[in-house]
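Visitor: I have a new model on my screen and would like a friendly tour. Could you walk me through it?

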Amino acid sequence: MVVQAHGENNSGGTPTAEELAGWADTYGQTIPVIADPNWEWENRFRQDSGIPSFTLLAPGAVVMATDNYSEAMSLIDEALPDEYEFHEPE
């Protein structure tokens, strides 16, 4: 499952549900977009100070890759439960 987290809105506060929905609509997001107050969740995994940051988690929240796109892409099949299969986007 892919989830996108936002740590703050344009005013520096925690994004509201309405702001998150507006952001998702503006950018055509079809994945869940959630609030991450003060970047608490993302900061647990971030390896650099850049935004955006991403983390590949396997079932059980096992961290497979952080802030390394090539590594994450190579590990997606391994991170998925056995009954799932990854298909590269076209």
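Guide: Happy to! One term helps at the start: pLDDT is the predictor's confidence in each residue, from 0 to 100. It applies here since this is a predicted model.

Visitor: What is the mean pLDDT of the protein chain?
Guide: In the protein chain, 87% of the residues reach a pLDDT of 70 or more. Averaged over the chain, the value comes to 81.

Visitor: Which element has the highest mean pLDDT?
Guide: The low end belongs to helix α2 (residues 40–43), with a mean of 77. At the other end, with a mean of 92, sits helix α1 (residues 17–26).

Visitor: In what pattern do the elements follow along the sequence?
Guide: There are three helices and four strands to place in the protein chain. Read along the sequence, they give β-α-β-α-β-β-α.

Visitor: Which element gives the most to the largest nonpolar core?
Guide: That core has eight residues: Leu56, Ala58, Met64, Ala65, Ala72, Leu75, Ile76 and Ala79. At least two residues come from each of β3 (55–58), β4 (62–66) and α3 (69–79). With four residues, the most comes from α3.

Visitor: Which residues does Leu56 touch, leaving out those up to four places away in sequence?
Guide: Leu56 is itself a member of the core. Beyond its sequence neighbours up to four places away, Leu56 touches Val62, Val63, Met64, Ala65, Ala72, Leu75, Ile76 and Ala79.

Visitor: What percentage of the residues is buried?
Guide: Buried here means under 20% relative accessible area. Of the 90 residues in the protein chain, the buried share is 26%.

Definitions and conventions
Residues numbered from 1 in each chain as written. Predicted model: local features only at pLDDT ≥ 70, side-chain atom pairs only at ≥ 80, totals over all residues. Heavy atoms only, no water. Buried < 20%, exposed > 50% of the residue type's maximum accessible area, 1.4 Å probe, protein only. Core = buried A, V, L, I, M, F, W, Y, C linked by side-chain atoms within 4.5 Å. Contact = heavy atoms within 4.5 Å.
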